Amino acid sequence: VEVDDVRHMFTDVDWGNRQQHAAALRAATLAAMELTRTGNRPCLLVDCFGRGTAPQTVNLLESMGASVATVSLWASPEVLQERLRRRDGPGSDAELALAMNEEVRASRVSDVLVDTTHRTAVEAAATVWAHVEERLCL
């Protein structure tokens with residue numbers, strides 16, 4: 001469940017509004033829990049999880065009985081800037097993206113930090129999936 005997809009459902013989405021992000025994150029978390037409750041496992045919850053939202057989200061999921069595996073993605077600042085240069089729309093704010101990229105590396109709030117600098121999207125996804133399988137014994 002992609003949190004930004006939930007945010008797209010807002011009538012007047014404001015990508016800088018933290019309250020909207022919090023509401024979308026909670027809705028996406030509840031949707032993920034409902035999907036797993038009905039047998040759709042594993043269910044991935046995708047977000048940047050900046051500003052300390054990862055521990056809160058993990059605590060909420062675990063309080064609802066979920067098994068959780070957390071993975072953070074990181075890229076070198078140079079590669080991230082190049083990727084952002086090729087992207088349009090939400091998520092292309094280079095200053096914010098670079099700050100969050102550094103936060104991910106420095107905070108180490110996830111089980112695994114995947115360096116995507118020299119990985120394709122498919123290779124990064126395979127690495128994430130391998131961790132999820134191992135952590136959740138799939």
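Reader: Which residues does Thr70 touch, not counting residues up to four places away in sequence?
Author: Let's start by finding Thr70 in this predicted model. Thr70 sits in the loop between H3 and strand E1 (71–74). Setting aside residues up to four places away in sequence, Thr70 touches Val58, Val109, Ser110, Asp111, Val112 and His131.

Reader: Is Thr70 buried or exposed?
Author: Its relative accessibility is 16%. Buried means under 20%, so at 16% Thr70 counts as buried.

Reader: How far is the backbone nitrogen of Asp111 from a polar atom of the side chain of Thr70?
Author: Asp111 is among the residues that Thr70 touches. From the backbone nitrogen of Asp111 to a polar atom of the Thr70 side chain, the distance is 2.7 Å.

Reader: At what angle do helix H2 and helix H3 pack?
Author: Good one to look at on the structure! On the H2 (residues 18–37) side, Leu25, Arg26, Thr29 and Met33 meet Thr53, Thr57, Leu60 and Leu61 of H3 (residues 53–63). These contact residues divide into four nonpolar, three polar and one charged. H2 passes H3 in a right-handed crossing, and with the axes 11 Å apart, the angle is about 35 degrees.

Reader: Which helix gives the most to the largest nonpolar core?
Author: That core has twelve residues in all, including Val3, Val6, Phe49 and Val58. Helix H1 (3–7), H2 and H3 each supply at least two of its residues. With four residues, the helix that gives the most is H2.

Key
Residues numbered from 1 in each chain as written. Predicted model: local features only at pLDDT ≥ 70, side-chain atom pairs only at ≥ 80, totals over all residues. Heavy atoms only, no water. Axes fitted to C-alpha atoms, helices over the stretch in contact; angles between N-to-C directions. Left-handed = near helix turned anticlockwise from the far one by under 90°. Contact = heavy atoms within 4.5 Å. Nonpolar A, V, L, I, M, F, W, Y, C, P; charged D, E, K, R; others polar. Buried < 20%, exposed > 50% of the residue type's maximum accessible area, 1.4 Å probe, protein only. Polar contact = N/O pair within 3.5 Å; in protein donor to acceptor, adjacent residues only side chain to side chain. Core = buried A, V, L, I, M, F, W, Y, C linked by side-chain atoms within 4.5 Å.
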